[in-house]
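Trainee: I'm new to this one. Could you take me on a close look at the cavities inside it, starting with the biggest?

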Amino acid sequence: MSERHPIISITGSSGAGTTSVTRTFESIFRREGVRAAVVEGDSFHRYDRQEMKHKAAEAEAAGNKNFSHFGPENNLFAELAELFRSYGETGNGQRRKYLHDVDEAEPYQQEPGTFTPWEALPGDTDLLFYEGLHGGVVTPDVDIARYPDLLVGVVPVINLEWIQKLWRDKSKRGYSTEAVTDTILRRMPDYVNYICPQFTHTHVNFQRVPCVDTSNPFIAREIPAPDESMVVIRFANPKGIDFQYLRSMINDSFMSRANTIVVPGGKMELAMQLIFTPFVWRMMERRKRALVG
């Protein structure tokens with residue numbers, strides 16, 4: 001953790017909804033005039049799209065049925081940890097971009113599914129903002145979770161997470177249900193070993209729970225709407241959290257445990273604004289004092 005160069009890390013599985021959290025933070029940064037160095041987790045995959053297809057085919061031919069983007073062999077965990085360490089100490093570090101589609105790739109005159117060259121972070125940022133799969137990973141070799149000043153987990157219940165992934169991959173990427181199901185099964189060991197354990201290290205978790213039947217996510221025709229769900233918000237350390245204020249601002253919210261507030265799904269972004277804006281204020285105040293000191 002660093003007062004001069006704070007780090008915010010948003011971590012969650014593919015299809016979990018981390019993008020909506022990122023959108024909320026972007027709104028806070030814009031409103032509060034915070035200059036953030038943004039890092040996407042996909043840029044720390046080890047292989048580009050074509051290389052990954054080739055490696056996956058090799059792994060399957062060798063009998064490895066669980067080769068996935070979730071595990072350490074296909075990610076640059078050490079490089080991500082080094083970025084967090086370097087930024088926390090100096091405000092500097094190296095990043096690149098993963099170009100997901102034609103629109104992202106065109107300005108770089110590259111193919112979709114490739115990486116841009118590594119480059120230095122901008123030199124005048126107030127904080128580092130990471131969003132991706134592994135913002136809180138801990139392994140025998142690396143401890144990424146030790147660096148963020150604010151580590152946020154986004155964790156829908158598993159059936160909802162699968163519905164969101166199925167819908168996205170089928171509607172936006174043209175995959176079949178069978179292909180997405182195969183991906184889910186292939187990733188399961190790495191999901192259990194490298195994704196789930198992160199949420200024991202997070203400072204705040206957001207878990208959306210549908211209030212409609214999602215018992216068979218593989219036949220669901222649509223994603224349950226926000227108003228058809230509740231959001232469980234758990235704080236690792238509730239000291240300083242004004243739950244009474246949150247409950248007064250968010251109708252129909254309630255406390256389920258001493259460190260947990262439950263809010264209507266449609267109020268999730270409002271809850272994030274109310275919770276994270278003071279976090280950002282405090283980070284910027286500590287940063288100002290540290291720089292003056």
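**Inside the largest cavity**

Mentor: Let's start with who builds the wall: α6 gives the largest share of the lining of the largest cavity, 5 residues. Keep in mind that this is a predicted model. The cavity itself has a volume of about 100 Å³. There are 12 lining residues, and the closest to the centre are Phe-70, Glu-161, Trp-162, Ile-184 and Tyr-191. As for elements, those that give two or more residues to this lining are α5, which spans 158–171, and α6, which spans 177–195. Sort the lining by class and you get 6 nonpolar, 3 polar and 3 charged residues.

Now, that isn't the whole story, since a search of the whole structure turns up 2 cavities of 30 Å³ or more. The second largest cavity holds about 40 Å³ of space. If you want to find it on screen, pick out its lining: Gly-41, Phe-44, Asn-75, Leu-76, Phe-77, Leu-80, Tyr-130 and His-134. That set divides into 5 nonpolar and 3 polar residues, with no charged ones. Put that beside the lining of the largest cavity, where 3 charged residues are counted, and you have a handy way to tell the two linings apart.

So, when you go back to the model, begin with Trp-162 and Tyr-191, which are among the residues closest to the centre of the largest cavity, and then move over to Phe-44 and Tyr-130, two of those lining the second largest.

Methods. Residues are numbered from 1 along each chain as its sequence is written. This is a predicted model: local features need pLDDT of at least 70, side-chain atom pairs count only at pLDDT 80 or more; totals for chains, interfaces and linings use all residues. Side-chain values use heavy atoms; hydrogens and water are left out. On a 1 Å grid over the protein atoms alone, a cavity is a set of points where a 1.4 Å probe fits but cannot get out, and a pocket is an open set with protein on both sides within 12 Å along at least five of seven lines; lining residues have an atom within 4 Å of a point. Grid points are joined across faces, edges and corners, and a volume is the space filled by probe spheres set on the points. Helices (H or I, at least four residues) and strands (E, at least two) are DSSP runs, numbered from the N terminus. Ala, Val, Leu, Ile, Met, Phe, Trp, Tyr, Cys and Pro count as nonpolar, Asp, Glu, Lys and Arg as charged, and the others, Gly among them, as polar.
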